[in-house]
Amino acid sequence: MRLWHEKLIHLLPKNQLLGQHRECCALRGNGWKKKHKTVDYVFTYSPYHLFIYHVLVMEEMEKRGYNVSAEWKDKNYRGRTAEKYDNLKEEIIGSPIYKEHNIEYLADCIENLRDKGIHLVVEE
């Protein structure tokens, strides 16, 4: 369970990209606030941050020709079984979306992928 550094989203292989979409769906839904050491930092932010991150993932999926359920493009949607937000407050969010996604985190993500046999070249 991990959110890849946002600079990697457009470089992720199919399995990691689609896995990231599933991860975002789970976290936005009933997984919200469920403890997991790798993603606990996400819960210190408004759920709107996760929505914005998920939008990046969904946009990349669509660029590659994958279909994304329209419901997930609604900031208030949380999946079929989780209660929708009542007009989740929008915020101006910079980059990176999560301050934890710093240069060290980027290096950790690249190394994690390399350990899986995935070699990415990230341009600054």
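The following legends describe close-up views of a predicted model.

**View 1. A patch of negative charge on the surface gathers four acidic residues, Glu104, Asp108, Glu111 and Asp115.** One of these residues, Glu111, belongs to helix α3, which covers residues 103-115. Glu111 has a relative accessible area of 43% and is therefore classed as partly exposed.

**View 2. Lys73 and Glu62 are joined by a salt bridge.** The closest N and O atoms of Lys73 and Glu62 lie 2.4 Å apart. Lys73 is in the loop between α2 (47-63) and α3, while Glu62 is in helix α2, so this pair ties together parts that are 11 residues apart in sequence. Both partners are partly exposed: the relative accessible area is 42% for Lys73 and 36% for Glu62. The structure as a whole holds 6 salt bridges.

**View 3. Asp74 and Lys84 meet through their side chains in a salt bridge.** The N to O distance in this pair is 3.1 Å. Asp74 and Lys84 are each found in the loop between α2 and α3, and the pair links parts of the chain 10 residues apart. Asp74, at 26% relative accessibility, counts as partly exposed. Lys84 likewise counts as partly exposed, with a value of 46%.

**View 4. Glu90 and Lys75 form a salt bridge within the loop between α2 and α3.** Here the closest N and O atoms are 3.2 Å apart. In sequence, Glu90 and Lys75 are separated by 15 residues, and their pairing links distant parts of the chain. Lys75 has a relative accessible area of 14%; because this value is under 20%, the residue is classed as buried.

**View 5. Tyr48, a residue of helix α2, is shown with its contacts.** Is Tyr48 buried or exposed? With a relative accessible area of 8%, Tyr48 is buried. Which residues does Tyr48 touch, not counting those up to four places away in sequence? They are Lys75, Leu88, Lys89, Glu90, Glu91 and Ile93. Both Lys75 and Glu90, the partners of the salt bridge in View 4, are thus among the residues that Tyr48 touches. Leu88, Lys89, Glu91 and Ile93 complete this set of contacts.

**View 6. Tyr48 is set against Met1 to relate sequence separation to distance in space.** The two residues are 47 residues apart in sequence. From C-alpha to C-alpha, Tyr48 and Met1 are 19 Å apart in space.

Methods
Residues are numbered from 1 along each chain as its sequence is written. This is a predicted model: local features need pLDDT of at least 70, side-chain atom pairs count only at pLDDT 80 or more; totals for chains, interfaces and linings use all residues. Side-chain values use heavy atoms; hydrogens and water are left out. Patches are made of residues with over 30% relative accessible area and no salt bridge: like charges are joined within 9 Å, nonpolar side chains (Val, Leu, Ile, Met, Phe, Trp, Tyr) within 5 Å. Accessible areas come from the Shrake-Rupley method with a 1.4 Å probe; for residues, only the protein chains shown count as cover. Lys and Arg count as positive and Asp and Glu as negative; His and the chain ends are not counted. The place of a charge is taken as NZ of Lys, CZ of Arg, CG of Asp or CD of Glu. Helices (H or I, at least four residues) and strands (E, at least two) are DSSP runs, numbered from the N terminus. Buried means under 20% relative accessible area, exposed over 50%, partly exposed in between (1.4 Å probe, protein chains only). Contact means heavy atoms within 4.5 Å.
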